[in-house]
Structure formats: C-alpha cells, structure tokens
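Trainee: I have a new structure to read. Can you show me how to go about it?
Mentor: Yes. Let us take one feature at a time.

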Amino acid sequence: MPYFRVRVEGTNIAVPMGDSTAVGFFATRAVRARSEKEAVEKVQSMISAAWTTGAYATWNKGAPPSIHVEEVWRSPWFRNLLFKNDGHTFYPEDEGEGEA
C-alpha cells in the first residue's frame, strides 16, 4: 500500500496564544492508503479526533476545525521513516480582516 502526504488547513478554531488568538492552522500528515481519496479521509479523521477528544481539544476555545485539503501527493516509504506525524503551524486572525 503506498504512502501519501496530505497538507490541510484547519479553520474556525480559537486557540489563545499570548496576546492573540490562533484562528487556523496548517498541518501535513503521512498515511498509508490505497488511494488519494482514502488518504484524505484518514487524515481528516486523525485531525478531527485530535481536536475533538485528543491532545488539542482542551486548547481550543472555538468550534472543531473545518478541514480543507490543500495538497495530496505520493511519498516514498523511506521519507516517512523519521517523519513526525504531528504538529501544526498556527496563524492569528488578520487584523484587517473583515474591513472594507
């Protein structure tokens, strides 16, 4: 079964981070799957679980994240041996967002 990497964006969260609040994140996960579609389903399930009942659930003061797939690609097995399949890159709300 091939390996895939899936890059996603999560939105609609509210994670206090010092003087600001993170409202979204980017994350990349590696999974073994029969197809790109199955890889996406696995990653969405992994991230949803982490944010609803897992390690990130207590951080989030907002809604469970809406997960948007940014990119999916096949990854050679050897590139996944030391890959840490965790972590996020958070971003704050844009200060000018919503202004016309």
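**Charges, build and rings**

Mentor: Begin with charge. The protein has 11 positive and 13 negative side chains, and the centres of the two sets lie 17 Å apart. Lys and Arg count as positive, Asp and Glu as negative; His and the chain ends are not counted. Each charge is placed at NZ of Lys, CZ of Arg, CG of Asp or CD of Glu.

Trainee: What should I know about the model itself?
Mentor: This is a predicted model: local features need pLDDT of at least 70, side-chain atom pairs count only at pLDDT 80 or more, and totals for chains, interfaces and linings use all residues. Residues are numbered from 1 along each chain as its sequence is written, and side-chain values use heavy atoms, leaving out hydrogens and water.

Trainee: Which pattern does the protein follow along the sequence?
Mentor: Helices (H or I, at least four residues) and strands (E, at least two) are DSSP runs, numbered from the N terminus. Here there are one helix and four strands. Their pattern is β-β-α-β-β.

Trainee: How many aromatic pairs are there?
Mentor: Rings of Phe, Tyr and Trp (its six-membered ring) pair if their centres lie within 6.5 Å; planes under 30 degrees apart are stacked, over 60 edge-to-face, the rest tilted. That rule gives eight aromatic pairs. Take W51 and Y56: their ring centres are 5.1 Å apart and their planes at 15 degrees, so this pair is stacked.

Trainee: Are W51 and Y56 buried or exposed?
Mentor: Buried means under 20% relative accessible area, exposed over 50%, partly exposed in between (1.4 Å probe, protein chains only). W51 is buried at 3%. Y56 is buried too, at 10%.

Trainee: What kind of pair do W59 and F90 form?
Mentor: A tilted one, 6.5 Å centre to centre, with 50 degrees between the planes. W59 sits in the loop between α1 (36-52) and β3 (66-75), while F90 is in strand β4 (residues 89-92), so the pair ties together parts 31 residues apart in sequence. W59 is partly exposed, with 42% relative accessible area. F90 is partly exposed as well, at 24%.

Trainee: Which residues do ring pairs link into a cluster?
Mentor: F25, W51, Y56, W59 and F90.

Trainee: Which residue lies over the face of F83?
Mentor: A charge sits over a ring if NZ of Lys or CZ of Arg is within 6 Å of the ring centre and within 35 degrees of the ring normal. Here R5 lies over F83, at 3.8 Å from the ring centre.
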